[in-house]
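Subject: Structure handover

Hi,

Here is the structure I promised to send. Please open it first, then read my notes below.

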Amino acid sequence: MSFINSTIGKEYSGKKIREYLKEELGLSSRLIKGAAIDKRILVNGKAVKMNYVLKENEEVKINLCKEESQNITPEPMDLDIVYEDEDIIVINKSPNMVVHPTKRYQSGTLANGLLHYFKETGQKCIVRLVSRLDMDTSGLIIVAKNQYAHMELSKQMTENNIEKRYLTVVHGHLDKKEGTIDLPIYRPEIEGTLCRVIDERGQRSITHYKVVESIKGGDIVECLLETGRTHQIRVHLKALGHPIWGDTLYGYEEDSEIIKRQALHAYRLDFKSPRTKEELNLKANLPVDIQELINKLK
């Protein structure tokens, strides 16, 4: 079970509990409404209505667990769990794995494996994705276990308070060892196209980069996203004239003979725990295929 516990201070004595939940605890109207209907909001151990008037030193408890289901089939899967607590789980996603079921991919997705894990560990959770990655991009993904955690982390994401860092390997050597790419990314109105292009009609997109190491066959580059557009790092590095190794969409077809996907790995996440506000600094080592690519290029 997952709860939010708090004690009423003097400043909220005489005020309605709805006001307290919104102002002091920062809960959304949707979360409050659902929890109230399910009688999951308790004062001194008893369920109350939202017009209940609080008294100083009363104990408020919100049960964050509720009966939920998703139309996703649980599947046993080896998951690389980097971090887990009662509110979130952070997974190091393997390459060539879809995050959530689609018409084309109904099974074998990260969500299928997570639902099985939740079921096996007795956790009444559905998969609430806070972040996503392309199928061929590996690395860290945050999943919220309850509505409160998802709300808090989505707010951090909107306010650009979740730092997402990637490691990648590019063709050639960048002229500047570090810098910022501030170029708009646009999706051409062509049916079926996956490509994005640099175009003034697009959304402003910002990537900060730094060369970590220069090797014979290219540069190993760290990228920090300020915005989160589809294919942003791939499009921006191509715009600099240094496409990512293995990226056959924005780079070179022949790369597939050396690595079977774009050499892009979400290796680090820095954000605050939704409940404790403690700073979390999480990392995931480079996967085998990117490390082998680096060894070949050296």
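Start with one residue: is lysine 145 buried or exposed? Lysine 145 is buried, since its relative accessible area is 5%. The model is a predicted one, so keep that in mind throughout.

**Salt bridges**

Side chains of opposite charge can pair when their charged atoms come close. This structure holds 16 salt bridges. Here are some of them.

Lysine 145 has a partner. Its side chain meets that of glutamate 84 in a salt bridge, at 2.7 Å from N to O. Look at where the two sit. Lysine 145 is in the loop between β8 (138–144) and α4, while glutamate 84 is in strand β5 (residues 81–84), so the pair ties together parts that are 61 residues apart in sequence. Glutamate 84 is partly exposed, with a relative accessible area of 28%.

Next, go to helix α4. Lysine 155 and glutamate 152 form a salt bridge there, and their closest N and O atoms are 3.7 Å apart. The two residues are three apart in helix α4, so about one helical turn separates them. Lysine 155 counts as partly exposed, at 37% relative accessibility. Glutamate 152 counts as buried, at 10%.

Now find arginine 268. Its side chain meets that of aspartate 270 in a salt bridge, at 2.8 Å from N to O. Arginine 268 is partly exposed, with 24% relative accessibility. Aspartate 270 is buried, with 5%. The cut-off for buried is under 20%, so these two fall on opposite sides of it.

Which residues are linked in a network of salt bridges? Glu86, Asp87 and Arg275 are. Select those three together on your screen.

**The cavity**

Rolling a probe the size of a water molecule over the atoms shows where empty space is left. How many cavities of 30 Å³ or more does a search of the whole structure find? The search finds one. About 50 Å³ of space lies in the largest cavity.

The lining of the largest cavity is made up of Leu31, Ala35, Arg40, Asn63, Leu64, Lys66, Asn146, Gln147 and Tyr148. Two elements each give two or more residues to that lining: α2 (29–37) and α4 (147–158). You met α4 above, as the helix that holds lysine 155 and glutamate 152. By class, the lining has four nonpolar, three polar and two charged residues.

Best wishes

Definitions and conventions:
Residues numbered from 1 in each chain as written. Predicted model: local features only at pLDDT ≥ 70, side-chain atom pairs only at ≥ 80, totals over all residues. Heavy atoms only, no water. 1 Å grid on protein atoms, 1.4 Å probe; cavity = no way out; pocket = protein on both sides within 12 Å on 5 of 7 lines; lining within 4 Å. Points joined across faces, edges and corners; volume = space filled by probe spheres on them. Helix = DSSP H or I, 4+ residues; strand = E, 2+ residues; numbered from the N terminus. Nonpolar A, V, L, I, M, F, W, Y, C, P; charged D, E, K, R; others polar. Salt bridge = Lys/Arg side-chain N within 4 Å of Asp/Glu carboxyl O. Buried < 20%, exposed > 50% of the residue type's maximum accessible area, 1.4 Å probe, protein only.
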